[in-house]
Amino acid sequence: MNIPSIPGILTVEQVRQTGAAIAGMQEPDGALPWFPGGKTDPWDHVESAMALSASGYLNPARAAYEWSAHNQRDDGSWPMEIRQGRIVDAGVDSNFCAYIAVGVWHHYLISDDDAFLWSMWPTVRAALDRVLLFQRPDGAFRWAADYVTGAMFDAALITGNASIYSSLVCGLKIAARVDDESARRAVVEWERARADLAGAFAVPAESFLPPSEHSMDWYYPVLGGVLRGEAGRVALDAEWDRFVVSGLGVRCVSHRPWVTGAETSELAIALAAIGDVDRAAAMVASIQHLRDPDGSYWTGLVFSDGKRWPVERSCWTSAAVILAADAISRSTPAGGIFADLGGAAVPAQFPS
């Protein structure tokens, strides 16, 4: 298979090295923690698995998805945090549960493995059906629930909902490929949920908590597929100077002198999704100061004092870099997965 690269920024060999660094952090049961000995959450675990697939490490990626299938609870959810096989936070995050659909579709696009897709279909179906229980009458998804009592936290978050949108789209693609009776029923339910969520994004001030100071609330509606075309360009340009530090990357939080590799890479994916590949490549180039000689990436840099913080090389930061390289280069069959999410009928004046 072709491995992603960006001329003058990342070679194929460097991307493979980053994939090897991720594989080296994988636990024996298939879990992909934040860093060796650290916590595993179901969303970042999937993102890291996607990067393994994109960099040619298909067997470790498959092991990661098998971990997801084996650790899914009877209600279709996963704990928010597991540490070396021990549940630390049993809570249910709607976005965390939904993202398995993006990962499974991504791996299928690269592997063309029908047996894998069929084996993961029950996991995806159970996860998205659980997520649908979080949807409010206005179409937005509540962000979390207490696993023991089932009580839900009513707030709906922009980033989480934009990511759920991408998960529903990928779930629909999986269901169309499976095309059995359970999949046909799921299509009806999931498409209704997707359309209702698009409606919530059309009136974001009424549907979600106000955008926070985190950059994710800025670019995720584009990354998740809700905003595209002119609406996406307007949204990204509106807050560019607030978050982008030229030559260094993207601030995680607008008022802090701290750039992070994952946020910068995700912005690059969002830019590539609307066809702005030059700025996308510049974003990936800007964070190569975070690259470690072993191919992994440090989480971030406090540029006011030149110190890396937190002092960790996070699995998901390395993963985001690989996925950004693939989104820009379209090297693998999954390189356009985020660009192909479509776009809801959301006005160009979507607030940042």
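1. A salt bridge is counted here when a side-chain nitrogen of Lys or Arg lies within 4 Å of a carboxyl oxygen of Asp or Glu. In this predicted model, Glu239 and Arg242 satisfy that criterion, with their closest N and O atoms 3.3 Å apart. Glu239 counts as buried because its relative accessibility is 15%, under the 20% limit. Arg242, with a relative accessible area of 34%, is partly exposed.

2. Salt bridges that share partners also join Arg136, Asp138, Arg142 and Asp154 into one network. By the criterion given above, the model holds 20 salt bridges.

3. Within that network, the side chains of Asp154 and Arg142 meet at 2.9 Å, N to O. The pair links distant parts of the chain, 12 residues apart: Asp154 belongs to the loop between strand S5 and helix H7, and Arg142 to the loop between helix H6 (114-132) and strand S4 (144-145). The two partners are assigned to separate accessibility classes: Asp154 is partly exposed at 45% relative accessibility, while Arg142 is buried at 17%.

4. A further salt bridge is formed by the side chains of Asp237 and Arg279, at 2.8 Å from N to O. Asp237 lies in helix H11 (residues 229-238) and Arg279 in helix H14 (residues 277-286), so this contact ties together parts that are 42 residues apart in sequence. Asp237 has a relative accessibility of 45% and counts as partly exposed; Arg279, with a relative accessible area of 26%, is partly exposed as well.

5. Turning to the pockets, the largest one has a volume of about 960 Å³. Its lining comprises 41 residues, of which Asp44, Phe96, Thr159, Met216 and Glu263 lie nearest the centre. By class, the lining has 19 nonpolar, 10 polar and 12 charged residues.

6. Several secondary-structure elements each supply at least two residues of this lining: helices H2 (42-54), H4 (94-98), H7 (158-178), H10 (216-223) and H13 (261-273), together with strand S8 (258-260). Helix H7 gives the most to the lining of the largest pocket, with six residues.

7. On the surface, Trp143, Phe153, Leu157 and Leu209 make a nonpolar patch of about 350 Å². Leu157 is located in the loop between strand S5 (152-153) and helix H7, the loop that also holds Asp154. Leu157 counts as partly exposed because its relative accessibility is 33%, which is compatible with the patch requirement of over 30% relative accessible area.

Note on methods
Residues numbered from 1 in each chain as written. Predicted model: local features only at pLDDT ≥ 70, side-chain atom pairs only at ≥ 80, totals over all residues. Heavy atoms only, no water. 1 Å grid on protein atoms, 1.4 Å probe; cavity = no way out; pocket = protein on both sides within 12 Å on 5 of 7 lines; lining within 4 Å. Points joined across faces, edges and corners; volume = space filled by probe spheres on them. Helix = DSSP H or I, 4+ residues; strand = E, 2+ residues; numbered from the N terminus. Nonpolar A, V, L, I, M, F, W, Y, C, P; charged D, E, K, R; others polar. Patch = residues over 30% accessible without salt bridge, like charges linked within 9 Å, V, L, I, M, F, W, Y side chains within 5 Å. Areas by Shrake-Rupley, 256 points an atom, 1.4 Å probe, with all protein chains shown as cover. Buried < 20%, exposed > 50% of the residue type's maximum accessible area, 1.4 Å probe, protein only.
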